[in-house]
Structures are given as C-alpha cells and as structure tokens.
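Dear colleague,

Please find below the sequence and the structure for your review. My notes on the model follow directly after them.

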Amino acid sequence: MAILSMLTLPKPILRQKSKRVKNIDGSIRKLAGDMIETMHAASGVGLAAPQVGVPLRVIVLGMPEEEDFVLINPEIVRKVGERLVTEGCLSVPGYFGEIQRAQRVTVKGKDLSGKEIRIKAEELLAQALEHEIDHLNGVLYIDHLESNDKLHKVEPEVTLL
Ligand code: NI
C-alpha cells in the first residue's frame, strides 16, 4: 500500500462528478487499500477517490474503534431528520464549519468482492457517508453553509472526513 497525495481546493477534480466503477478489479482494490492508508496517515475518518486525484465512485470509511470499510458506487437511498454538525474536510485544510446533515441515512453500494451492501447509519458514520458521497458529486461541505459566519479557522481537534 502507499500513501497518496491529498488534493485540496482549488483543484478542479474536487468539483467534478466522479464516474461509476464498472469492474471491481485489482486496480480498484489497490486504490481502496491506498486510500485507507492515506486516510489514516491524514488522521481522517473518511476519504473519497477524487481527493486523491481519481475521479471514480469509491469511498473509504474508518470510524474510531470500528473496522475500516470500502464502498463502491455508493448511493444514499434514504435520509431522515436533520441535525447541526461541525465538519471539516481534508481537501479544505485550515477550516471547519457548522452545517445541517441528516440524523440517519441508508446507503447502498458494493464491497470489494462485488457484494451489494446496505448500511443504516447515524451520528458520525451518517455524517461521513453523506460527506464522502458528496465528494463523488463534486460537492464540498462548504456548499452547505448557510452563511460565511458558519465557517471558522480550524482548531486542532476537529474531525476530518
Ligand atoms: Ni472531505
């Protein structure tokens, strides 16, 4: 595995819509492994492929105390409720903001073996899934800010997604 370089704003790839993965082959498995290593090296809990320069619909999640996992072609199929969260992004260094996210989400996608999986999530995992799937659509959390007053210079303990 290898640590990949993290792209930050204003790299145009962060604003593009990523393509669906057609075949989950060795190159996708290698990408996913490298993304997991990169996420941990950056102390993040989630990472999307366009953040490392690959415009494909692949995300990785690494919740504290839980096993890391990969989702290929993830889609949000259900969102319930709203809550105010504090959020940061590895591709927008130096800032964090307060935005609305869903209370609970249901996401479907495939794992690295091609098996369909469905995840019902709440709290940080729900937030991270919304955040990473947004990346696949060229959307950043700063797009969800109600106003610039909700954006702040970073404090070191903010969770990065
Ligand atoms: Ni991010």
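Which two strands form a hairpin, and how many residues lie between them? The hairpin is made by β6 and β7, with five residues between them, and Gly114 in its turn has a positive phi of about 90°.

Before going further, I should state the basis of these notes. The model is predicted, so that local features need pLDDT of at least 70 and side-chain atom pairs count only at pLDDT 80 or more, while totals for chains, interfaces and linings use all residues. Residues are numbered from 1 along each chain as its sequence is written, and side-chain values use heavy atoms, with hydrogens and water left out.

Strand pairing

Helices (H or I, at least four residues) and strands (E, at least two) are DSSP runs numbered from the N terminus, and two strands pair if DSSP finds at least two bridges between them. Within the hairpin, β6 (residues 104-110) and β7 (residues 116-122) pair in the antiparallel sense over seven bridges; Thr106 has Lys120 in β7 as its bridge partner. Strand β6 is also joined to β3 by six bridges, again antiparallel, and here Lys79 is partnered by Val105.

An open sheet of three strands, with antiparallel pairing, follows the order β4-β5-β8. Strands β4 (83-87) and β8 (151-153) are at its edges with a single partner strand each, so one side of each is left without a neighbour in the sheet. From one strand to the next, the twist averages 25°. Five bridges connect β4 with β5 (residues 95-101), and Val85 has Ile99 in β5 as its bridge partner. Helix α2 (residues 123-136) packs on this sheet, touching β4 and β5, and its direction makes about 70° with that of β4. Contact here means heavy atoms within 4.5 Å; axes are lines fitted to C-alpha atoms, for helices over the stretch in contact, and angles run from 0 to 180 degrees between N-to-C directions.

Salt bridges

The structure holds six salt bridges, each defined as a side-chain nitrogen of Lys or Arg within 4 Å of a carboxyl oxygen of Asp or Glu. For accessibility, buried means under 20% relative accessible area, exposed over 50%, and partly exposed in between (1.4 Å probe, protein chains only).

- Lys30 and Asp34 meet at 2.7 Å, N to O. Both lie in helix α1, four residues apart, about one turn of the helix. Lys30 is exposed at 51%, whereas Asp34 is buried at 4%.
- Glu130 and Lys79 meet at 3.1 Å, N to O. Glu130 belongs to helix α2 and Lys79 to strand β3, so the pair ties together parts that are 51 residues apart in sequence. Glu130 is buried at 5%, and Lys79 is exposed at 53%.
- Arg101 and Asp134 have their closest N and O atoms 3.1 Å apart. Arg101 is in strand β5 and Asp134 in helix α2, so this pair ties together parts that are 33 residues apart in sequence. Arg101 is buried at 3%, as is Asp134 at 16%. Through shared partners, salt bridges join Glu87, Arg101 and Asp134 into one network.

Backbone geometry

Most residues other than glycine have a negative phi, and most peptide bonds are trans. A cis peptide bond joins Leu9 and Pro10, with omega about 5°; Pro10 lies in the segment before α1 (26-41). Glu65 has a positive phi near 70°, and its place is in the loop between β2 (58-61) and β3 (69-80).

Yours sincerely
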